[in-house]
Amino acid sequence: MLKTDAYQCPVSLMKQAGSLSPTPTAIVGAHSVLPMKSAKLAQEQKLILPVFVGHRIEILKIAEDLDWDINGERIIHTETDKDTADVAAVLAGNGEVAALMKGQVHTDEFMHGILRREAGLRTDRRLTHIFHMTLPEHNNSLMITDGAVNVAPSIDTRLQAAQHAIDLSHILGNDNPKVAVLSGTESPIKSMPSSIEAVEITKRAENEISGGQVFGPLAFDNAISTKAANLKKIDHPVAGNADILLVPNIETGNALFKMMVYFMSACAAGIVLGAKVPIILTSRADPPEARVASAALANIVAQAGKASKGK
(Lines give C-alpha, C1' and ligand atoms only; values in the text may rest on other atoms or scores of the structure.)
Protein backbone atom coordinates (compact mmCIF):
# COMPACT_ATOMS: atom_id res chain seq x y z
CA MET A 1 0.00 0.00 0.00
CA LEU A 2 2.97 2.32 0.40
CA LYS A 3 3.36 4.78 -2.45
CA THR A 4 6.81 5.12 -3.96
CA ASP A 5 6.14 8.05 -6.30
CA ALA A 6 8.57 10.95 -6.02
CA TYR A 7 7.59 13.80 -3.72
CA GLN A 8 7.08 17.21 -5.29
CA CYS A 9 7.37 20.68 -3.83
CA PRO A 10 4.05 22.48 -4.44
CA VAL A 11 4.49 24.65 -7.51
CA SER A 12 2.20 27.45 -6.31
CA LEU A 13 3.99 27.66 -2.95
CA MET A 14 7.42 27.78 -4.54
CA LYS A 15 6.28 30.37 -7.08
CA GLN A 16 4.89 32.65 -4.37
CA ALA A 17 7.98 32.25 -2.18
CA GLY A 18 10.29 32.70 -5.16
CA SER A 19 8.89 36.16 -5.82
CA LEU A 20 9.97 37.33 -2.34
CA SER A 21 13.25 38.24 -0.71
CA PRO A 22 14.88 35.46 1.32
CA THR A 23 14.21 35.54 5.07
CA PRO A 24 17.00 35.77 7.67
CA THR A 25 16.59 32.45 9.46
CA ALA A 26 18.35 31.02 12.52
CA ILE A 27 19.30 27.36 12.13
CA VAL A 28 18.88 26.31 15.76
CA GLY A 29 21.35 23.51 16.42
CA ALA A 30 23.10 23.61 13.05
CA HIS A 31 25.83 21.17 14.17
CA SER A 32 24.26 18.13 12.45
CA VAL A 33 24.10 16.94 8.86
CA LEU A 34 20.31 16.95 8.52
CA PRO A 35 19.63 20.61 9.46
CA MET A 36 22.65 21.70 7.44
CA LYS A 37 21.35 19.89 4.36
CA SER A 38 17.93 21.49 4.91
CA ALA A 39 19.44 24.95 5.26
CA LYS A 40 21.61 24.45 2.18
CA LEU A 41 18.59 23.42 0.08
CA ALA A 42 16.59 26.41 1.35
CA GLN A 43 19.44 28.82 0.64
CA GLU A 44 19.90 27.41 -2.87
CA GLN A 45 16.22 28.13 -3.52
CA LYS A 46 16.76 31.69 -2.19
CA LEU A 47 14.26 31.12 0.63
CA ILE A 48 16.52 31.88 3.61
CA LEU A 49 19.58 33.84 4.67
CA PRO A 50 21.01 31.41 7.25
CA VAL A 51 22.41 32.32 10.64
CA PHE A 52 23.98 29.24 12.21
CA VAL A 53 23.64 28.65 15.95
CA GLY A 54 25.49 25.71 17.50
CA HIS A 55 28.95 24.15 17.71
CA ARG A 56 31.11 26.23 15.36
CA ILE A 57 33.72 23.57 14.56
CA GLU A 58 31.07 20.95 13.76
CA ILE A 59 29.10 23.42 11.62
CA LEU A 60 32.17 24.31 9.56
CA LYS A 61 33.16 20.65 9.17
CA ILE A 62 29.70 19.62 7.96
CA ALA A 63 29.57 22.56 5.55
CA GLU A 64 32.91 21.48 4.10
CA ASP A 65 31.65 17.91 3.70
CA LEU A 66 28.58 19.28 1.89
CA ASP A 67 30.82 21.41 -0.37
CA TRP A 68 29.04 24.49 0.99
CA ASP A 69 31.04 27.68 1.42
CA ILE A 70 29.65 29.44 4.50
CA ASN A 71 32.70 31.53 5.35
CA GLY A 72 30.73 34.71 4.75
CA GLU A 73 27.80 33.62 6.91
CA ARG A 74 27.22 34.38 10.58
CA ILE A 75 27.97 31.54 13.00
CA ILE A 76 27.19 31.87 16.72
CA HIS A 77 28.93 29.28 18.86
CA THR A 78 26.95 27.62 21.66
CA GLU A 79 27.73 24.61 23.83
CA THR A 80 24.43 23.27 25.17
CA ASP A 81 20.91 22.76 23.82
CA LYS A 82 19.62 25.33 26.29
CA ASP A 83 22.11 27.97 25.20
CA THR A 84 21.45 27.19 21.54
CA ALA A 85 17.69 27.57 21.91
CA ASP A 86 17.93 30.67 24.10
CA VAL A 87 20.41 32.49 21.85
CA ALA A 88 18.41 31.77 18.69
CA ALA A 89 15.16 32.90 20.30
CA VAL A 90 16.74 36.18 21.40
CA LEU A 91 18.02 36.74 17.86
CA ALA A 92 14.44 36.44 16.64
CA GLY A 93 13.08 38.60 19.45
CA ASN A 94 15.61 41.33 18.62
CA GLY A 95 14.69 41.23 14.93
CA GLU A 96 18.09 39.93 13.82
CA VAL A 97 16.35 36.95 12.21
CA ALA A 98 12.74 36.68 11.06
CA ALA A 99 12.27 32.89 11.24
CA LEU A 100 13.55 29.92 13.24
CA MET A 101 14.42 26.48 11.85
CA LYS A 102 14.75 23.66 14.37
CA GLY A 103 17.92 21.66 13.98
CA GLN A 104 19.84 19.33 16.33
CA VAL A 105 18.32 20.59 19.56
CA HIS A 106 15.93 18.86 21.94
CA THR A 107 12.33 19.89 21.23
CA ASP A 108 11.62 20.77 24.87
CA GLU A 109 14.64 23.09 25.05
CA PHE A 110 13.79 24.58 21.64
CA MET A 111 10.22 25.43 22.65
CA HIS A 112 11.27 26.64 26.10
CA GLY A 113 13.68 29.10 24.52
CA ILE A 114 10.91 30.49 22.34
CA LEU A 115 8.47 30.81 25.24
CA ARG A 116 10.87 32.55 27.63
CA ARG A 117 9.64 36.09 28.25
CA GLU A 118 13.21 37.36 27.88
CA ALA A 119 13.20 36.27 24.23
CA GLY A 120 10.36 38.63 23.39
CA LEU A 121 8.67 36.19 21.02
CA ARG A 122 5.47 35.50 22.91
CA THR A 123 2.14 36.93 21.80
CA ASP A 124 -1.34 36.60 23.24
CA ARG A 125 -1.85 33.46 21.14
CA ARG A 126 -0.93 29.83 21.73
CA LEU A 127 1.66 28.19 19.50
CA THR A 128 -0.06 25.85 17.05
CA HIS A 129 1.26 23.72 14.21
CA ILE A 130 -0.04 23.53 10.65
CA PHE A 131 0.70 20.92 8.00
CA HIS A 132 0.23 22.30 4.50
CA MET A 133 -0.40 19.17 2.40
CA THR A 134 -0.13 18.91 -1.37
CA LEU A 135 -0.14 16.00 -3.82
CA PRO A 136 2.08 15.48 -6.88
CA GLU A 137 0.62 17.06 -10.04
CA HIS A 138 -2.18 18.74 -8.03
CA ASN A 139 -2.58 22.45 -7.35
CA ASN A 140 -4.98 22.18 -4.40
CA SER A 141 -3.81 22.03 -0.80
CA LEU A 142 -5.25 20.78 2.48
CA MET A 143 -4.19 22.04 5.90
CA ILE A 144 -4.18 19.91 9.06
CA THR A 145 -3.95 21.50 12.50
CA ASP A 146 -2.65 20.62 15.06
CA GLY A 147 -0.74 17.42 14.36
CA ALA A 148 2.59 18.18 16.00
CA VAL A 149 2.62 20.59 18.97
CA ASN A 150 -0.53 20.46 21.11
CA VAL A 151 -1.20 16.92 22.34
CA ALA A 152 -4.72 17.30 23.74
CA PRO A 153 -5.71 20.86 22.85
CA SER A 154 -8.50 22.61 24.71
CA ILE A 155 -11.38 24.21 22.85
CA ASP A 156 -9.69 27.59 23.26
CA THR A 157 -6.46 26.28 21.73
CA ARG A 158 -8.33 24.71 18.81
CA LEU A 159 -10.09 27.98 18.11
CA GLN A 160 -6.70 29.68 17.97
CA ALA A 161 -5.36 26.90 15.74
CA ALA A 162 -8.29 27.46 13.39
CA GLN A 163 -7.60 31.21 13.27
CA HIS A 164 -3.91 30.63 12.54
CA ALA A 165 -4.78 28.30 9.66
CA ILE A 166 -7.32 30.79 8.31
CA ASP A 167 -4.76 33.59 8.49
CA LEU A 168 -2.23 31.43 6.66
CA SER A 169 -4.83 30.62 4.01
CA HIS A 170 -5.37 34.33 3.42
CA ILE A 171 -1.62 34.87 2.96
CA LEU A 172 -1.62 32.04 0.40
CA GLY A 173 -4.53 33.54 -1.54
CA ASN A 174 -7.65 31.82 -0.17
CA ASP A 175 -9.95 34.62 1.03
CA ASN A 176 -12.68 32.41 2.49
CA PRO A 177 -11.20 29.15 3.80
CA LYS A 178 -13.50 26.45 5.13
CA VAL A 179 -12.60 24.75 8.41
CA ALA A 180 -14.01 21.30 9.21
CA VAL A 181 -14.03 20.47 12.93
CA LEU A 182 -13.23 16.77 12.81
CA SER A 183 -14.74 14.01 14.90
CA GLY A 184 -15.76 10.42 14.25
CA THR A 185 -19.34 11.38 13.49
CA GLU A 186 -21.39 14.19 12.01
CA SER A 187 -23.90 13.99 14.88
CA PRO A 188 -23.04 15.12 18.42
CA ILE A 189 -23.17 12.20 20.83
CA LYS A 190 -22.11 12.16 24.48
CA SER A 191 -20.09 8.97 24.10
CA MET A 192 -17.78 10.80 21.65
CA PRO A 193 -16.55 13.95 23.45
CA SER A 194 -14.91 15.41 20.35
CA SER A 195 -18.32 15.64 18.67
CA ILE A 196 -19.76 17.64 21.59
CA GLU A 197 -16.71 19.89 21.61
CA ALA A 198 -17.07 20.42 17.86
CA VAL A 199 -20.54 21.86 18.42
CA GLU A 200 -19.14 24.35 20.94
CA ILE A 201 -16.26 25.27 18.62
CA THR A 202 -18.72 25.89 15.78
CA LYS A 203 -20.90 28.12 17.95
CA ARG A 204 -18.02 30.09 19.43
CA ALA A 205 -16.42 30.52 16.02
CA GLU A 206 -19.32 32.70 14.96
CA ASN A 207 -18.05 35.43 17.32
CA GLU A 208 -14.40 34.49 17.88
CA ILE A 209 -13.16 33.53 14.41
CA SER A 210 -12.84 35.89 11.46
CA GLY A 211 -12.07 35.39 7.79
CA GLY A 212 -13.39 31.86 7.29
CA GLN A 213 -16.21 29.40 7.86
CA VAL A 214 -16.05 26.86 10.69
CA PHE A 215 -18.38 23.89 11.00
CA GLY A 216 -18.56 20.59 12.83
CA PRO A 217 -18.72 17.92 13.91
CA LEU A 218 -17.78 16.30 10.64
CA ALA A 219 -16.32 12.88 10.05
CA PHE A 220 -13.38 12.83 7.64
CA ASP A 221 -15.41 11.68 4.62
CA ASN A 222 -18.07 14.34 5.16
CA ALA A 223 -15.37 17.00 5.45
CA ILE A 224 -13.62 16.32 2.16
CA SER A 225 -16.23 14.60 -0.08
CA THR A 226 -19.36 16.38 -1.30
CA LYS A 227 -20.77 12.99 -2.30
CA ALA A 228 -20.40 11.66 1.25
CA ALA A 229 -21.84 14.87 2.70
CA ASN A 230 -24.84 14.74 0.36
CA LEU A 231 -25.53 11.12 1.25
CA LYS A 232 -25.68 12.14 4.91
CA LYS A 233 -27.82 15.16 3.94
CA ILE A 234 -25.39 17.62 5.54
CA ASP A 235 -26.25 21.04 4.18
CA HIS A 236 -23.38 23.42 4.94
CA PRO A 237 -20.74 25.11 2.73
CA VAL A 238 -17.91 23.47 4.70
CA ALA A 239 -19.25 19.91 4.30
CA GLY A 240 -17.34 18.19 1.51
CA ASN A 241 -15.31 21.32 0.76
CA ALA A 242 -12.90 21.65 3.67
CA ASP A 243 -9.65 23.54 3.14
CA ILE A 244 -8.59 23.04 6.75
CA LEU A 245 -9.05 20.03 9.03
CA LEU A 246 -9.18 21.02 12.70
CA VAL A 247 -8.38 17.80 14.52
CA PRO A 248 -9.38 16.93 18.12
CA ASN A 249 -5.92 15.73 19.20
CA ILE A 250 -2.36 15.22 18.05
CA GLU A 251 -2.89 11.51 17.30
CA THR A 252 -5.54 12.28 14.68
CA GLY A 253 -3.53 15.01 13.00
CA ASN A 254 -0.28 13.05 13.07
CA ALA A 255 -1.92 9.94 11.60
CA LEU A 256 -3.71 11.90 8.88
CA PHE A 257 -0.61 13.67 7.67
CA LYS A 258 1.51 10.52 7.71
CA MET A 259 -1.13 8.55 5.82
CA MET A 260 -1.13 11.21 3.13
CA VAL A 261 2.66 11.17 2.97
CA TYR A 262 3.10 7.39 2.86
CA PHE A 263 -0.03 6.36 0.96
CA MET A 264 -0.33 9.34 -1.41
CA SER A 265 3.23 10.78 -1.70
CA ALA A 266 1.98 14.07 -0.27
CA CYS A 267 4.42 16.86 0.47
CA ALA A 268 3.95 18.07 4.05
CA ALA A 269 5.20 21.58 4.74
CA GLY A 270 5.18 22.14 8.50
CA ILE A 271 5.11 25.46 10.33
CA VAL A 272 4.33 26.74 13.83
CA LEU A 273 2.45 30.02 14.20
CA GLY A 274 1.54 32.08 17.25
CA ALA A 275 4.97 33.53 18.04
CA LYS A 276 6.29 36.78 16.56
CA VAL A 277 8.16 34.81 13.88
CA PRO A 278 7.30 31.62 11.99
CA ILE A 279 8.95 28.43 13.21
CA ILE A 280 10.03 25.63 10.86
CA LEU A 281 9.74 22.17 12.41
CA THR A 282 11.18 19.31 10.39
CA SER A 283 11.53 15.63 11.19
CA ARG A 284 14.39 13.25 10.50
CA ALA A 285 12.01 11.28 8.26
CA ASP A 286 11.03 14.28 6.13
CA PRO A 287 12.13 14.12 2.48
CA PRO A 288 14.08 17.10 1.05
CA GLU A 289 10.97 18.34 -0.75
CA ALA A 290 9.08 18.77 2.54
CA ARG A 291 12.01 20.63 4.07
CA VAL A 292 12.18 23.06 1.17
CA ALA A 293 8.40 23.51 1.18
CA SER A 294 8.48 24.26 4.92
CA ALA A 295 11.14 26.92 4.37
CA ALA A 296 9.06 28.37 1.51
CA LEU A 297 6.01 28.56 3.77
CA ALA A 298 8.00 30.31 6.51
CA ASN A 299 9.43 32.75 3.99
CA ILE A 300 5.95 33.66 2.75
CA VAL A 301 4.66 34.16 6.31
CA ALA A 302 7.70 36.18 7.41
CA GLN A 303 7.56 38.47 4.39
CA ALA A 304 3.81 38.95 4.83
CA GLY A 305 4.41 39.98 8.44
CA LYS A 306 7.14 42.36 7.33
CA ALA A 307 4.82 43.91 4.76
CA SER A 308 1.99 44.36 7.27
CA LYS A 309 4.32 46.10 9.74
CA GLY A 310 5.36 48.51 7.02
CA LYS A 311 1.83 49.67 6.33
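Pro-217 is found in strand 8, which covers residues 213-218. The peptide bond leading into Pro-217 from Gly-216 is cis, with omega near 5 degrees. This is a predicted model. Strand 8 stands at one edge of an open sheet, with a single partner strand. Even so, strand 8 is mostly covered: 5 of its 6 residues are buried.

**The sheet**
- The open sheet is formed by 11 strands, and their pairing is mixed.
- The strand order is 3-2-1-4-11-10-5-6-9-7-8.
- Strand 3 and strand 8 are the edge strands, so each has one side without a neighbour in the sheet.
- Strands of a sheet pair through backbone hydrogen bonds, either parallel or antiparallel.

**Strand 7 to strand 8**
- Strand 7 (residues 178-182) and strand 8 run parallel and are joined by 4 bridges.
- Ala-180 has Phe-215 of strand 8 as its bridge partner.
- The chain passes from strand 7 to strand 8 through helix 7 (residues 193-208).
- This β-α-β crossover is right-handed.

**Strand 5 and strand 10**
- Strand 5 (residues 128-134) pairs with strand 10 (residues 267-273) in the antiparallel sense.
- Their pairing runs over 7 bridges.
- Phe-131 has Gly-270 in strand 10 as its bridge partner.

**Helix 5 on the sheet**
- Helix 5 (residues 107-115) lies across strand 1 (23-28), strand 4 (99-102) and strand 11 (279-280).
- Helix 5 runs at about 165 degrees to strand 4.

**Helix 10**
- Helix 10 has 15 residues, which should span 21 Å at 1.5 Å a residue.
- The end C-alpha atoms of helix 10 are 20 Å apart, which agrees with that expected span.
- Ile-250, Gly-253, Leu-256, Phe-257, Met-260 and Val-261 are buried in helix 10.
- Seen down the helix axis, the buried residues fall within an arc of 145 degrees, so they line one face of helix 10.
- The buried residues of helix 10 pack against strand 5, strand 6, strand 7, helix 8 (220-224), strand 9 (244-246) and strand 10.
- Thr-252 also lies in helix 10 (residues 250-264).
- Thr-252 is partly exposed, with a relative accessible area of 27%.
- Just after helix 10, Ser-265 takes a positive phi of about 60 degrees.

**A second cis bond**
- The peptide bond from Thr-145 to Asp-146 is cis, with omega near 0 degrees.
- Asp-146 lies in the loop between strand 6 (141-145) and helix 6 (155-171).
- Thr-252 and Asp-146 are 106 residues apart in sequence, while their C-alpha atoms are 8.8 Å apart in space.

**Positive phi in loops**
- Most residues other than glycine have a negative phi, and most peptide bonds are trans.
- Lys-46 is not a glycine, yet has a positive phi of about 60 degrees.
- Lys-46 lies in the loop between helix 2 (33-44) and strand 2 (48-54).
- Lys-46 is exposed, with a relative accessible area of 58%.
- Asp-67 is not a glycine either, and has a positive phi of about 55 degrees.
- Asp-67 is found in the loop between helix 3 (56-65) and strand 3 (74-77).
- Asp-67 is exposed, with a relative accessible area of 69%.

Technical notes:
Residues numbered from 1 in each chain as written. Predicted model: local features only at pLDDT ≥ 70, side-chain atom pairs only at ≥ 80, totals over all residues. Heavy atoms only, no water. Helix = DSSP H or I, 4+ residues; strand = E, 2+ residues; numbered from the N terminus. Buried < 20%, exposed > 50% of the residue type's maximum accessible area, 1.4 Å probe, protein only. Pairing = 2+ DSSP bridges. Contact = heavy atoms within 4.5 Å. Axes fitted to C-alpha atoms, helices over the stretch in contact; angles between N-to-C directions. Right-handed = clockwise from strand over helix to strand, strands pointing away. Expected span 1.5 Å × (residues − 1). Arc of directions from axis to C-beta.
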